Amino acid sequence: MTEVTSLMHYKTAWEDPATRKAWRRTAMFRCTALLGLLLGFPAWLFAVVMTPTWLLVLWLPVLCVGIWYTLLAMVTVVSLRGIRRVLRVYPWQVDIADVRSKKKGSTQFVVPVPEQPEKSVSLGYGGLIGTGRHFWVRTVKSGEVTSAWFAGDPRYLGVVASPGPRNLLWVAQREATDSRMSPRKRGVSPGARALARAAGARVGED
C-alpha cells in the first residue's frame, strides 16, 4: 500500500526511482539475452559448415529457430526506448488493466479510456512462435495474473507492468506505429493526442 501511495506523488512513472530501476533491470536482462544469442551464432554456423551434407537437414531447423529467437530478442531490445519514452510522459495507473488469456497463446490487456472510463480498449501481446514462455503469456494463461499496472493511453500505446513495478512490456495499437495505416483521431482530445505524440505514437496532424 505504501508503494502505491508513493506513486501518487509522481507526475510521470519515470520520476519513480523503482520504475527507473525496473527499466534498467529489464534492459540488462534483454541485452544479455541478445548478446548470448549473437555470440552463439558463429558456433551454429560453424556446426553447419562442418556437418556432412546428408546431415544438414537436421541442423538447418535448429539454425532457423536460432535466427528467429535472435530476431525476437532484437525486437525486445529496440522496444526499451519505447518503454522509457512512454514512462517519461504518463504516470502509473495501478491495477487498472484487466489481463486475459486469448487464443493462440496471446494476452489481452483491457484498459479504460482516459476521457471515457466507462469504455475500454484492448491491446494485445504474443501469439507468435517463441512468446509462449514470456511472463505475460505464461502467468496469465495459468491464472496467476489477472490485472496489471498501466502507463499510457490504450487508444495508442502504453507500458504494462506487474506490481513493483516489474516485468515491463511495451504494447501499442497497430495504427499508432504503422505508417501504412491512418492514425486514430476521432474521439480523442487535443491534449490526449499531444501526450500520445510525446510518447512516440502516430496521432496525425492537428
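## A walk through the fold

Of the 206 residues in the protein, 39% are buried, where buried means under 20% relative accessible area, exposed means over 50% and partly exposed lies in between (1.4 Å probe, protein chains only). Keep in mind that this is a predicted model: local features need pLDDT of at least 70, side-chain atom pairs count only at pLDDT 80 or more, and totals for chains, interfaces and linings use all residues. Residues are numbered from 1 along each chain as its sequence is written, and side-chain values use heavy atoms, with hydrogens and water left out.

How far can you trust it? The predictor's confidence in each residue, pLDDT, runs from 0 to 100. Its mean for the protein is 84, with 87% of the residues at 70 or more. Confidence is lowest in helix α1 (residues 2-7), at a mean of 53, and highest in strand β5 (residues 157-162), at 94. Where pLDDT is low, the predicted coordinates should not be read in detail.

Now for the overall layout. There are 5 helices and 6 strands, taken as DSSP runs numbered from the N terminus (helices: H or I, at least four residues; strands: E, at least two). Going along the sequence, you meet them in the pattern α-α-α-β-β-β-α-β-β-β-α. Contact here means heavy atoms within 4.5 Å. Among contacts with a separation of 6 or more, 60% join residues 24 or more positions apart.

Ala-18 gives you one example. This residue sits in helix α2 (residues 17-50) and is partly exposed, with a relative accessible area of 32%. Leaving out residues up to four places away in sequence, Ala-18 touches Gly-164 and Pro-165. The C-alpha atoms of Ala-18 and Arg-166 are 9.1 Å apart, although 148 residues separate the two along the chain.

Next, look at the aromatic rings. Rings of Phe, Tyr and Trp (its six-membered ring) pair if their centres lie within 6.5 Å; planes under 30 degrees apart count as stacked, over 60 as edge-to-face and the rest as tilted. The whole structure has 4 such pairs. In one of them, Trp-92 and Trp-149 have ring centres 5.7 Å apart and planes at 65°, so they meet edge-to-face. Trp-92 is in the loop between α3 (56-87) and β1 (93-101) while Trp-149 is in strand β4 (residues 147-153), so the pair ties together parts 57 residues apart in sequence. Trp-92 counts as buried at 9% relative accessibility, and Trp-149 does too, at 1%. Phe-135 and Trp-136 also pair edge-to-face, at 5.0 Å centre to centre and with 90° between the planes. Both Phe-135 and Trp-136 are buried, and they form one aromatic cluster with Phe-109.

Strand β4 turns up again at helix α5 (residues 190-198), where Ala-192, Arg-193 and Ala-196 are buried. These three cover an arc of only 100° around the axis (taken from the directions from the helix axis to the C-beta atoms), which puts them on the same side of α5. An α-helix has 3.6 residues a turn, so residues three or four places apart point the same way. What covers the buried residues of α5 includes β4. Just after α5, Gly-200 takes a positive phi of about 105°.
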